[in-house]
Amino acid sequence: MKITYLFGIAALFAVVSCQSDQEATQTPNPVASSVYKETTAGEATSVTPDLSGARAAAATSSQQQEVLTYINQARSKPCQCGTTVYPAVPALTLSTQLNSASDKHAVDMATYNYFSHTGRDGSQPWDRMTREGYKWRAAGENIAAGYTTTRAVVDGWLQSPGHCKNIMSANFKEVGVGYGYSVSSTYKHYWVTDFGTKL
């Protein structure tokens, strides 16, 4: 009984604490399911480079820093993701390699007008991380489309249980932030966060 009571208090606190009220009225936009993977013994980690040369607007360092700040604010206190309350976890740091993997996927989605964890070349998030030279032990990705601000996209992820779980996972130590914009694409704004922990 004591555990249930403490859980109830933590859940009430977490609902208030891990999302901002600033963008709560924004209409939800599409958000694909988050993905997560850990390496297994003998797993191949090499992939064929993507030579598509896609071009669209990409993330700025200020956008990357803002998303990192909002994610770390959420991680700094308990947070309810769906029906599960996650404890506070250490802050993430930005990874140049994960930034590159995230940015390239966001730009590709914006340029070629699609929305998926699977790249046009069949790559998965961990393939794209490996392509950038990131040797990972744990890897995950969140994507979103249509959100116009860094605050709105992080709040959107926090309101989705799978995405929130990636944000609150103690298995991750680093993150990369990607953004792609194309006026001719369906959702115009495309966001990617690649989460990882090195081997």
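Student: What makes S7 and S8 a pair of strands?

Tutor: In this predicted model, 8 bridges join S7 to S8. Pairing takes at least two bridges, so these strands pair. They run antiparallel. One example of opposite residues is Gly178, which faces Val192 in S8.

Student: Which sense, parallel or antiparallel, does the pairing of S5 and S7 take?

Tutor: Parallel. Strand S5 covers residues 93-94 and shares 2 bridges with S7. At least two are needed, so S5 and S7 count as paired. Thr93 stands opposite Glu174 in S7.

Student: Why is S7 called largely enclosed?

Tutor: Look at its residues. In S7, 7 of the 8 residues are buried, so the rest of the structure largely encloses this strand.

Student: What about S6: which strands does S6 pair with?

Tutor: Strand S1, residues 35-38, is joined to S6 by 4 bridges. S6 and S8 share 9 bridges. Both pairings are antiparallel. Each has at least two bridges, so each meets the test for pairing. Tyr36 has Gly140 as its bridge partner in S6. Glu141 has Asp194 as its partner in S8.

Student: What makes S6 largely enclosed?

Tutor: The count of buried residues. S6 has 9 buried residues out of 10, so it is largely enclosed by the rest of the structure.

Student: Where do these strands fit in the whole protein?

Tutor: The protein has 6 helices and 8 strands. From the N terminus, their order is α-β-β-α-β-β-β-α-α-β-α-α-β-β. The protein has 199 residues, and 47% of them are buried.

Student: Why is Val107 called buried?

Tutor: Val107 has a relative accessible area of 8%. Buried means under 20%, so Val107 qualifies. Val107 sits in helix H3, residues 96-112. Its C-alpha is 6.8 Å from that of Tyr181, although the two are 74 residues apart in sequence.

Student: Ala106 is in helix H3 too. What makes Ala106 buried?

Tutor: Its relative accessible area is 0%, which is under 20%, so Ala106 is buried. Beyond four places in sequence, Ala106 contacts Gly178, Tyr179, Gly180, Tyr190 and Val192. The C-alpha atoms of Ala106 and Trp191 are 5.7 Å apart, with their positions 85 residues apart along the chain.

Student: Why does Gln80 count as buried?

Tutor: Gln80 has 19% relative accessibility. The cut-off is under 20%, so Gln80 passes. Gln80 belongs to strand S3.

Student: What makes the link from Gln80 to Gly82 a polar contact?

Tutor: The Gln80 side chain reaches the backbone oxygen of Gly82 at 2.8 Å. The limit is 3.5 Å, so this distance falls within it.

Student: How many residues of H5 are buried?

Tutor: 9 of its 9 residues. H5 is thus mostly covered. The buried residues include Arg151, Asp155 and Trp157. Against H5's buried residues pack H2, S3, S6, H6 and S8.

Student: What span does H2 have, set against the expected one?

Tutor: Helix H2, residues 61-75, reaches 21 Å from first C-alpha to last. The expected span is 21 Å at 1.5 Å a residue, so the two values are close. Among the buried residues of H2 are Val67, Leu68, Ile71 and Ala74.

Student: Which residues touch the most other members of the largest nonpolar core?

Tutor: Val154, Ile167, Met168 and Trp191. This core has 28 residues. H2, S3, S6, H5, H6, S7 and S8 each supply at least two of them. In soluble globular proteins, nonpolar side chains tend to be buried together.

Student: Which residues does Met168 touch, beyond four places in sequence?

Tutor: They are Ala74, Arg75, Lys77, Cys79, Cys81, Tyr86, Pro87 and Val89. Touching here means heavy atoms within 4.5 Å.

Student: What share of the protein's contacts joins residues at least 24 apart?

Tutor: Of contacts between residues at least 6 apart in sequence, 78% do.

Student: And which atoms provide 56% of the accessible surface?

Tutor: Carbon and sulfur atoms. The accessible surface comes to about 9,600 Å².

How values were computed. Residues numbered from 1 in each chain as written. Predicted model: local features only at pLDDT ≥ 70, side-chain atom pairs only at ≥ 80, totals over all residues. Heavy atoms only, no water. Buried < 20%, exposed > 50% of the residue type's maximum accessible area, 1.4 Å probe, protein only. Areas by Shrake-Rupley, 256 points an atom, 1.4 Å probe, with all protein chains shown as cover. Core = buried A, V, L, I, M, F, W, Y, C linked by side-chain atoms within 4.5 Å. Polar contact = N/O pair within 3.5 Å; in protein donor to acceptor, adjacent residues only side chain to side chain.
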